[in-house]
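Let's read a structure together, one feature at a time. Bring your questions, and we will work through each in turn.

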Amino acid sequence: MRPARPQHVWLIRDHLEALAERAGVTPAPYTVLTRRARLAAALWFPLRKAPGRK
């Protein structure tokens, strides 16, 4: 994913997680942004929901 912006990586992660959940699979654990870090990131990058995410 070059050039990749952080929000692209998060968007793909969210999309893959949603696909796994729909398939009835529990995704492997991973670290995520804390609520505080996500709010800070929203100031730097336009965050949006992944396709299929509610």
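**Reading the chain, feature by feature**

Q: How much of the chain is buried?

A: Buried residues account for 20% of the 54 residues in the chain. Buried means under 20% relative accessible area, exposed over 50%, and partly exposed in between (1.4 Å probe, protein chains only). Please keep in mind that this is a predicted model, where local features need pLDDT of at least 70 and side-chain atom pairs count only at pLDDT 80 or more, while totals for chains, interfaces and linings use all residues. Residues are numbered from 1 along each chain as its sequence is written, and side-chain values use heavy atoms, with hydrogens and water left out.

Q: How many helices and strands does the chain have?

A: Helices (H or I, at least four residues) and strands (E, at least two) are DSSP runs, numbered from the N terminus. This chain has two helices and zero strands.

Q: What does α1 span from its first C-alpha to its last?

A: The expected span of a helix is 1.5 Å times one less than its number of residues. With 17 residues, α1 reaches 25 Å, close to the 24 Å expected. After α1 comes glycine 24, whose phi is positive, near 80°.

Q: Which residues of α1 are buried?

A: An α-helix has 3.6 residues a turn, so residues three or four places apart point the same way. In α1 the buried residues are Gln7, Trp10, Leu11, Arg13, Asp14, Glu17, Ala18 and Ala20.

Q: What do the buried residues of α1 pack against?

A: They pack against α2. The idea to hold on to is contact, which is defined as heavy atoms within 4.5 Å. Across the chain, of the contacts between residues at least 6 apart in sequence, 64% join residues at least 24 apart.

Q: Which residues is phenylalanine 45 in contact with, leaving aside its neighbours within four places in sequence?

A: Phenylalanine 45 is in contact with Pro6, Gln7 and Trp10. Phenylalanine 45 sits in the segment after α2 (35-44), and counts as buried because its relative accessible area is 19%. Its C-alpha atom is 6.8 Å from that of glutamine 7, although the two residues are 38 apart along the chain.

Q: Is glutamine 7 buried or exposed?

A: Glutamine 7 is in helix α1 and is buried, because its relative accessibility is 9%. The C-alpha atoms of glutamine 7 and alanine 41 are 8.7 Å apart, with their positions 34 residues apart along the chain. Proline 46 offers another pairing: its C-alpha atom is 7.5 Å from that of glutamine 7, at 39 residues apart along the chain. Proline 46 also lies in the segment after α2, but is exposed, with a relative accessible area of 60%.

Q: Which residue forms a salt bridge with arginine 13?

A: Side chains of opposite charge can pair when their charged atoms come close. A salt bridge is a side-chain nitrogen of Lys or Arg within 4 Å of a carboxyl oxygen of Asp or Glu. By this rule the count is one salt bridge, and arginine 13 forms it with aspartate 14, the closest N and O atoms being 2.6 Å apart. Both arginine 13 and aspartate 14 are buried; for aspartate 14, which lies in helix α1, the relative accessibility is 12%.

Q: Which residues make a nonpolar surface patch?

A: Patches are made of residues with over 30% relative accessible area and no salt bridge: like charges are joined within 9 Å, nonpolar side chains (Val, Leu, Ile, Met, Phe, Trp, Tyr) within 5 Å. Accessible areas come from the Shrake-Rupley method with a 1.4 Å probe, and for residues only the protein chains shown count as cover. Here Ile12, Leu16 and Leu19 make a nonpolar patch of about 250 Å². Leucine 19, in helix α1 (residues 6-22), is partly exposed at 38% relative accessibility.
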